[in-house]
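The exercises below invite you to read a protein model step by step, moving between its sequence and its three-dimensional form. Try each task before reading the solution that follows.

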Amino acid sequence: MSNRPRSSLRRILEDLGSTVLDVAASPGELDAEVTGVHIYDPLDELLLPEGNILLAVGVESAGQICALLDAAGPAAGVVVKQPVDVDELVRAKVLETGVAVLGLTRAASWAQVAALLRSLLAEGDLAEPGEAPADDLFSLANAVCALLDAPVTIEDRSSRVLAYSGRQDEADPGRVETVLGRQVPMRYRRMLEERGFFRKLYQSHEPVYLEMDGDSIHRAAVAVRSGDEILGSIWAAVREPLSDQRQRALADAAKIVALQLLRQRAGADTRRRLRADLLSTVLAGGRDAAEAAGRLGVASERLCVLAAQLSGRSDGDAARRESDRQRFCDALALHVGAIHPKAAAALVGSVAYAVLPLHAGSGGEEESRAVRVAESFLARVGPRHPANIGVGRLAGNLSEVARSRADADRALRVLRARDASGAVAGYTGVHFEALLLQLADLAEAEEQTPTGPYERLLAYDAEHGSELVPTLRAYLDAFGDVNAAAARVHVHANTFRYRLKRLTEIGGLDLGDPEARLTVMLQMRIFGR
């Protein structure tokens, strides 16, 4: 039986992003399985295998699309260059045939989309641990260097160096510093921004030329784009403006680099999604957990689950937040992988989960060791990634991993409820707090409200603007020490004693009764008022 995961149309669209392919007309759910890519040729008989995506080269009108949908039979989807002519007949035909119509951005070539789709369909399984995906960017950089007769770098939108060619020793010290640090130094980026060069670069579809100050070698650069999305840029260190021929060579190179960057991004997204799917299966602990653990290469016995989540503010750019989460998860995967070769980590929603194998210990020390691993990780990432980590109890086998994951989630929730940051909690250490949060959930679900003395005190405070509930909370937190409790609420001890007398009268609360004290303390924690 093949281990290749099912590639649905929805998954492929998510991996490529709407800048390349978008849905023009849909029959409903996009869960059709994609098995291959077929290029339409009007001169050939259309014999389309089931589940193929049909690239409708040259098809433009609504009538042509309808005819092709009739002929496409068991296709998963038909791709047409944008703008797609979709009318009511096309929509009706899509619903009748169950075949989606997709729009391809005008900036992408048919060769590009065919290569990208085949690349995604070929990403059937995870790379082996420690095996890096094939990377041709350095080869491309050297090829562009040969075409331009100048050393080049390929950079992303944040001016991080993705690849560089040879002959960098021929460039100026700024370029050498950039290559060594794999990042354009801040002073150069600031200079380029102040001179409006980035704006000019990203607005132009042709290479641009920048004269550097002093004795520095100048720069020629071109934006690398896919449709309207800027993927990065290519920079050449030159002594004079490029000739027309070299300008065309640099512009053509940008299209090839764009294809490679899209393929790398799609491949990385596919591997990450597959890893997250497999780890989710392991965490669920069902009948498929053993197979998923085998494909991930993780251990199947004596495991602890770690649930890690960034604790910083969630406002700002959504794409930036997702990128931060992914970098945080990558760092966690590297950390646990260095501790044990059969550990694994993946991002599931906003939480990075890690499955950490532990050697046999005594006296339940496994959870404590996992807590120390988590603390060591947070100490390493430091202020760059403020986060909290919950640690579950030891799972003796895969069937117990779901419980360990639930433990870790509950411990993480306790830290969120405390408004903590940079903290680690093992489940056994926060067990009671976790139970109280669960009781609060149950009370809210059943629309329960405070009762008895606590209810009466809340109502009195609301009506008279008094501070009886805070007074009671301070008294209970201070274990009945009036002086300490009075200091907590910043009143004189005599004033506090008067309030204490009033709340016992109004609430009908007997503070000498341990059951009464426990009841009101639990209500305070559960209802959180």
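**Exercise 1. Place Arg167 in the chain and decide how accessible this residue is.**

Solution. Begin with the position along the chain: Arg167 is found in the loop between β7 (161-164) and α6 (173-181). Because this is a predicted model, every value that follows is computed from predicted atoms. Next, consider the backbone, where phi of Arg167 is near 70°, a positive value in a residue other than glycine. Finally, turn to accessibility: buried means under 20% relative accessible area and exposed means over 50%, so Arg167, at 31%, counts as partly exposed.

**Exercise 2. Carry out the steps of Exercise 1 for Glu447.**

Solution. The loop that holds Glu447 runs between α14 (431-445) and α15 (452-464). Although Glu447 is not a glycine, its phi is positive, at about 55°. The relative accessibility of Glu447 is 70%, and therefore this residue counts as exposed.

**Exercise 3. Find the overall make-up of the protein.**

Solution. Start with the secondary structure, which comprises 19 helices and 16 strands. Then turn to burial, where buried residues make up 46% of the 529 residues in the protein. Lastly, take the contacts with a separation of 6 or more, of which 59% are accounted for by residues 24 or more positions apart.

**Exercise 4. Describe the surroundings of Ser233, from its strand to its contacts.**

Solution. Ser233 sits in strand β10, which covers residues 229-238. Its relative accessibility is 1%, so Ser233 counts as buried. Looking at the side chain, one finds a polar contact of 2.7 Å between Ser233 and the side chain of Trp235. When residues up to four places away in sequence are set aside, Ser233 touches Thr153, Ile154, Glu155, Leu201, Val222, Ala223 and Val224.

Further along the chain, Ser243 lies in the loop between β10 and α9 (244-284). Ser243 has a relative accessibility of 35% and so counts as partly exposed. Ser243 and Leu148 are 95 residues apart in sequence, while their C-alpha atoms are 9.5 Å apart in space.

**Exercise 5. Work out how α2 is oriented with respect to α3, and which residues form their contact.**

Solution. The axes of helix α2 (residues 62-72) and helix α3 (residues 88-97) come within 9 Å and cross at roughly 10°. Angles under 35 degrees count as roughly parallel, and therefore α2 is roughly parallel to α3. On the side of α2 the contact is made by Ala62, Ile65, Cys66, Leu69 and Asp70, and on the side of α3 by Leu89, Val90, Lys93, Val94, Glu96 and Thr97. Sorted by character, the residues of this contact of α2 with α3 divide into seven nonpolar, one polar and three charged.

The loop between β4 (77-81) and α3 also deserves a look, since Pro83 has its place there. The peptide bond from Gln82 to Pro83 is cis, with omega near -5°.

**Exercise 6. Repeat the analysis for α16 and α18.**

Solution. Helix α16 (residues 468-477) and helix α18 (residues 493-507) pack at an angle of about 110°, and their axes are 9 Å apart. This angle makes α16 roughly perpendicular to α18. In the contact, Leu468, Thr471, Leu472, Ala474 and Tyr475 of α16 meet Phe496, Arg499, Leu500, Arg502, Leu503 and Ile506 of α18. The residues of the contact of α16 with α18 divide into eight nonpolar, one polar and two charged.

**Exercise 7. Determine how the buried and exposed residues of α10 are arranged around the helix.**

Solution. In helix α10 (residues 289-296), the residues Ala289, Ala292, Ala293, Arg295 and Leu296 are buried. Seen down the axis of α10, these buried residues fall within an arc of 165°, so they line one face of the helix. The face turned away from the buried side of α10 carries the exposed residues Ala290 and Gly294. After α10 comes Gly297, whose phi is positive, near 80°.

**Exercise 8. Locate His340 and follow its contacts.**

Solution. His340 has its place in the loop between α11 (318-339) and β12 (344-348). With a relative accessible area of 16%, His340 is buried. The side chain of His340 reaches the backbone nitrogen of Lys342 at 3.0 Å. Not counting residues up to four places away in sequence, His340 touches Pro357 and His359.

Technical notes
Residues numbered from 1 in each chain as written. Heavy atoms only, no water. Helix = DSSP H or I, 4+ residues; strand = E, 2+ residues; numbered from the N terminus. Buried < 20%, exposed > 50% of the residue type's maximum accessible area, 1.4 Å probe, protein only. Polar contact = N/O pair within 3.5 Å; in protein donor to acceptor, adjacent residues only side chain to side chain. Contact = heavy atoms within 4.5 Å. Axes fitted to C-alpha atoms, helices over the stretch in contact; angles between N-to-C directions. Parallel < 35°, antiparallel > 145°, perpendicular 65-115°, else oblique. Nonpolar A, V, L, I, M, F, W, Y, C, P; charged D, E, K, R; others polar. Arc of directions from axis to C-beta.
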